[in-house]
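The following exercises ask the reader to work through selected local features of one model. Each task is followed by a worked solution.

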Amino acid sequence: MSDWYDAEQRVERARELFEMEQWSEALAEIDAALEMNPYNAAWHCNRGYILDQMGRLEEAVEAFEQAAELDGNDKEALLALGMDLTRLGCCAKALEAFEALERIDPAFEPSYCQRIVTYTQMGQHDRAEEMFYLAQHLNDACPDCFCNVGKSLLERDLVDKAVYCFKRCLELDGEYPDVRRTLARIYRRKNDIETAREFYLAELRLDPGDVDLLGEMGEMFLETGQIGAAGDKFRQMVELEPDNAAGHALSARVALIQDRWEQAIESLETVLSLDSNWEDIHGLYGEALLRAGRYSDAKLQFEVQLFGRSDDTAAMMGLGISLMELGKIQQASQFFAKIIARTPDNATAYFQMATCQFMQNKHRAGIALCLRTIQMEPQHLHALQQLVRGYSRLGRWNQARQVLDYALEAHPLDPTLVELKRLWWYSKAVWAVRTSVGTLRRWFRR
């Protein structure tokens, strides 16, 4: 009698701990109760629920299987078993559990509702839709059904129907988790940024501390050029979780766009201290160092980024520019040539190769490469600037002036072009004088 009472007390304590989300303590209590009475199906089922919360799905499946063996009519155990087997990708076994559940109670709507998820995962969308209609016949106001079939429709790219189902889910349960996030992603793909923002904010109101959601919103703002709004979201991420590497990395991207190199470097050094294996961190760090004029440090970071990833075009470009700034023109040219060979339409690579040619006083080769750059990007500012200089150095003043007039039409406020226009008359005059003096000297020597 004492052992039975003690076991019941432990189960009650486990329930209280479960509600307080103290999973390990709850598991210890339920395990102690099962040691006293291992034949209680409900307690094995409760153990499975606890293990679910701990992410220990394989062990949860074992607990639900034990519960089902002890009580073959335990609908909750069979339902949980099918759901966890689906999460583990064991869809055939999951269907066996749901079909056993249907045999016990054909009117138990969740057995059909959850099979929508299983069939969707198996890619059998017609069967998923069939389960939806069977479930609707039993309960036409189940938000889970509308959410589950919405995901199936979305996988088939039936976007409008999916949106209807997700919105219907919210009508039935205004706090249904993640549906607003899903709708926000759909509208984001449609480039309906305002509607996406509204759904993101509605989801955020349900969980203001969701840093992943803040990151998604910030990335959306970044993609659409709303740099200030993006920066605000990334700052919130860092404020909520100071050790969140993603928040610091995204903040660094904003700082780079805003030409705040030192702040970007500081954020990226924080990322490296938190997670040195963060994806593409060395390439991003190299970019920040390059823009800050720390070419040797940038070169090292790009080399680390390229180690084992020789197809990283951005890092290869950064390394080439770093080498060029360090005066290693031949090495830099090799990297730009590799990029051009891999991506023949890469205008930036052609321009950087042109710069290497000009630095070696190979003006005709530089001009040809600038013309190729402009052919791909007709308003490429720096290529136009270099082309004006290149033609001027060769004394091809008419061509220099034609390019200059075109460039000023495209970039009328660019100070470099304005200065080049001012210098054009002076340089042309100096060239004419030098040419005349040279002619006179040759004549005099005769």
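Helices are DSSP runs of H or I with at least four residues, and strands are runs of E with at least two, numbered from the N terminus. The model is predicted: local features need pLDDT of at least 70 and side-chain atom pairs pLDDT 80 or more, whereas totals for chains, interfaces and linings use all residues. Residues are numbered from 1 along each chain as its sequence is written, and side-chain values use heavy atoms, without hydrogens or water.

**Exercise 1.** Determine what follows H3 and compare the expected span of H3 with the distance between its ends.

*Solution.* Step 1: H3 is followed by Gly 55, which has a positive phi near 75 degrees. Step 2: the expected span of a helix is 1.5 Å times one less than its number of residues. Step 3: for the 13 residues of H3 (residues 41-53) this gives 18 Å, and the end C-alpha atoms lie 19 Å apart, which agrees.

**Exercise 2.** Locate Pro 208 and classify its exposure.

*Solution.* Step 1: Pro 208 lies in the loop between helix H12 (193-206) and H13. Step 2: buried means under 20% relative accessible area, exposed over 50%, and partly exposed in between (1.4 Å probe, protein chains only). Step 3: Pro 208 has 55% relative accessibility and therefore counts as exposed.

**Exercise 3.** Locate Gln 226 and classify its exposure.

*Solution.* Step 1: Gln 226 belongs to the loop between helix H13 (211-223) and helix H14 (227-240). Step 2: its relative accessible area is 33%, so Gln 226 is partly exposed.
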